[in-house]
Amino acid sequence: MNILSEKFYFNPFVRPFIRLSCNLARARDSRRDRKICGRSLGRFVPTPYEDRYGATGSQSVPYAGLEEIMNRVSFKEGDSLIDIGCGKGRVLAYLKSSGCKASLTGIELNPEVASVASSWSKDIPGISIICGNAFDIDFDQYTHFFMYRPMDLFTFLSFIKKLEGSLSHPVTLIYYADIESGSYLEEREGWKILARDKVFFKNGCFIHLEPQRYSIYEFVPSAKQ
Ligand SMILES: C[S@@+](CC[C@H](N)C(=O)[O-])C[C@H]1O[C@@H](n2cnc3c(N)ncnc32)[C@H](O)[C@@H]1O
């Protein structure tokens with residue numbers, strides 16, 4: 001049976017099994033958080049900024065999903081990655097613990113969540129956390145952008161326009177759960193898809209309630225201007 005078909009994962013007999021499996025995957029992720037950061041980063045925090053900033057709630061990306069997507073990205077000395085909407089900082093925790101050579105920054109709108117990322121990472125060299133709005137930073141200092149669906153479609157479109165207008169060099173966008181807004185970049189000048197796939201069942205567990213697509217894009221500003 002194709003586990004990526006809706007017939008499978010919306011089947012009422014299969015659904016409870018997927019939920020249970022996701023809970024097991026979350027428990028495993030929390031154990032890994034505690035090893036790296038000394039605390040769990042797993043609790044979902046709803047956002048108070050949906051109406052004002054189009055923000056989504058804070059949910060940490062599963063480690064198995066990170067492994068899958070980051071295995072397809074290469075980093076070299078001098079690269080710098082920013083997680084746009086870093087939540088409690090699991091992406092940075094994963095990258096640091098796997099020896100990533102890039103400098104790592106997270107920006108997070110919700111101070112309640114940003115304070116968690118700041119507190120576990122404060123003494124770790126190579127990680128910086130900014131509590132603020134991703135629209136207010138200088139994008140040109142970064143080579144890699146990570147996003148796990150931080151904003152609604154309308155806000156994402158404004159973000160992309162701002163990004164395009166302020167970059168002077170090629171960048172990589174690593175976009176997790178991009179099924180809704182990612183298609184906007186498919187035919188857009190300057191953007192190229194380097195990799196795209198779905199994650200659902202990994203390391204013996206379902207890691208999401210339904211398959212999630214991710215894409216890795218390259219943006220070359222000169223091709224746009
Ligand atoms: C789905 S969570 C992803 C958390 C983290 N990147 C991860 O993958 O584990 C999205 C986060 O983006 C944040 N966010 C949304 N809009 C933002 C903005 N304009 N500036 C900074 N953070 C933002 C939300 O507050 C939320 O914590």
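How many bridges join strand β1 to strand β2, and do the two run parallel or antiparallel? Before selecting them, note that this is a predicted model, in which local features need pLDDT of at least 70, side-chain atom pairs count only at pLDDT 80 or more, and totals for chains, interfaces and linings use all residues. Residues are numbered from 1 along each chain as its sequence is written.

Start with the whole protein chain, whose secondary structure comes to 8 helices and 9 strands (DSSP runs numbered from the N terminus, with helices being H or I of at least four residues and strands E of at least two). Of its 225 residues, 36% count as buried, where buried means that 20 or more other C-beta atoms, placed from the backbone, lie within 10 Å of the residue's own. The C-alpha atoms fill a box of roughly 50 × 40 × 35 Å along the principal axes.

Next, select residues 80-84, which form strand β1, and colour them by burial: 4 of the 5 residues are buried. Now add residues 103-108, strand β2, and the opening question is answered, since 5 bridges join β1 to β2 and the two strands run parallel (strands pair if DSSP finds at least two bridges between them). Within this pair, Leu81 has Leu104 of β2 as its bridge partner. To follow the chain from β1 to β2, select residues 90-97, helix α5, through which it passes in a right-handed β-α-β crossover (clockwise from the first strand over the helix to the second, with the strands pointing away from the viewer).

Finally, select residues 144-148, strand β4, which runs parallel to β1 and is joined to it by 4 bridges; here Leu81 stands opposite His144.

Key:
Buried ≥ 20, exposed ≤ 12 C-beta atoms within 10 Å, placed from the backbone.
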